[in-house]
Amino acid sequence: MLSAYFILAANSWMQHPVGYAVNEATGRAELKDFLAVVLNSTTLVTFPHTIFAAFLTAGAFVAGVAMWRLVRRPQDADAFRTAAKVGAWMLIVSGLLVAISGDAQARIMTQQQPMKMAAAEALYQDSQPASFSIFTIGS
């Protein structure tokens, strides 16, 4: 999880750079505030979303293996029934948390990168206010 956090911090810095200054002599960005990078608002919303998605994947894997074993070998039902229940609960809880954290991530992206969000929603023409859409087919 610590590795995931630092990878997401680096990626978040590329999406929303903070804690740096451009050295005029070299023309390069130089780190000035490590805490600003680690506590970047983009990192703080992408990390929970990524971890909840990992738990969602793990829950799906556990539930899938347990259900497969229940179908293939019903004599081992007690152990795999419990595993299927745990996996299913993990799927439900982490699925809700992925949706909630994804909404928070989209809100941050709308503030920090409005053109990126407009492209993600296929809003290529100006309109105030933009229409709401869940699915977009074509441009």
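## Overall layout

The protein chain holds 5 helices and 2 strands. This is a predicted model. Follow the chain along its sequence and the pattern reads α-β-β-α-α-α-α. A helix leads, two strands follow, and four helices finish the pattern.

The chain has 139 residues, and buried residues make up 21% of them. Now take the contacts between residues at least 6 apart in sequence. Of these, 58% join residues at least 24 apart.

## The hairpin

Strand 1 covers residues 20-23, and strand 2 covers residues 28-31. The two strands pair in the antiparallel sense. The pairing runs over 4 bridges. Two of the pairs can be named. Ala 21 stands opposite Glu 30 in strand 2. Asn 23 has Arg 28 as its bridge partner in strand 2.

Strand 1 and strand 2 form a hairpin, with 4 residues between them. One residue in the turn is Gly 27. Its phi is positive, at about 75 degrees.

## Helix 1 against helix 3

How is a pair of packed helices described? Two values are used: the angle between the axes and the distance between the axes.

Helix 1 spans residues 2-15, and helix 3 spans residues 41-72. They pack at an angle of about 135 degrees, and their axes lie 9 Å apart. That angle makes helix 1 oblique to helix 3. The crossing of helix 1 with helix 3 is right-handed. On the helix 1 side, the contact is made by Ala 4, Tyr 5, Leu 8, Ala 9 and Ser 12. On the helix 3 side, it is made by Thr 42, Thr 43, Leu 44, Thr 46, Phe 47 and Thr 50. Sorted by class, this contact has 6 nonpolar and 5 polar residues. It has no charged residues.

## The loop before helix 3

A loop lies between helix 2 (34-38) and helix 3, and Leu 39 is found there. Asn 40 is also found in the loop between helix 2 and helix 3. What does each one touch, leaving out residues up to four places away in sequence? Leu 39 touches Tyr 5 and Leu 44. Both of those also belong to the contact of helix 1 with helix 3: Tyr 5 on helix 1 and Leu 44 on helix 3. Leu 39 and Val 18 are 21 residues apart in sequence. In space they are 9.5 Å apart, C-alpha to C-alpha.

Asn 40 touches Ser 12, Trp 13, His 16 and Val 18. Ser 12 is one of the helix 1 residues in the contact with helix 3. Is Asn 40 buried or exposed? Its relative accessibility is 2%, so Asn 40 counts as buried. The cut-off for buried is under 20% relative accessible area.

## Helix 3 against helix 4

Helix 3 also packs with helix 4, which spans residues 77-112. The angle is about 155 degrees, and the axes lie 6 Å apart. Helix 3 and helix 4 are therefore roughly antiparallel to each other. The cut-off here is over 145 degrees. Their crossing is left-handed. The residues of this contact divide into 23 nonpolar, 12 polar and 2 charged.

Ala 60 is found in helix 3. Where does it stand between buried and exposed? With a relative accessible area of 38%, Ala 60 is partly exposed. Ala 60 and Leu 91 are 31 residues apart in sequence. Their C-alpha atoms are 6.1 Å apart in space.

Terms used:
Residues are numbered from 1 along each chain as its sequence is written. This is a predicted model: local features need pLDDT of at least 70, side-chain atom pairs count only at pLDDT 80 or more; totals for chains, interfaces and linings use all residues. Side-chain values use heavy atoms; hydrogens and water are left out. Axes are lines fitted to C-alpha atoms, for helices over the stretch in contact, and angles run from 0 to 180 degrees between N-to-C directions. Angles under 35 degrees count as roughly parallel, over 145 as roughly antiparallel, 65 to 115 as roughly perpendicular and the rest as oblique. A crossing is left-handed if the near helix is turned anticlockwise from the far one by less than a right angle, and right-handed if clockwise. Contact means heavy atoms within 4.5 Å. Ala, Val, Leu, Ile, Met, Phe, Trp, Tyr, Cys and Pro count as nonpolar, Asp, Glu, Lys and Arg as charged, and the others, Gly among them, as polar. Two strands pair if DSSP finds at least two bridges between them. Buried means under 20% relative accessible area, exposed over 50%, partly exposed in between (1.4 Å probe, protein chains only).
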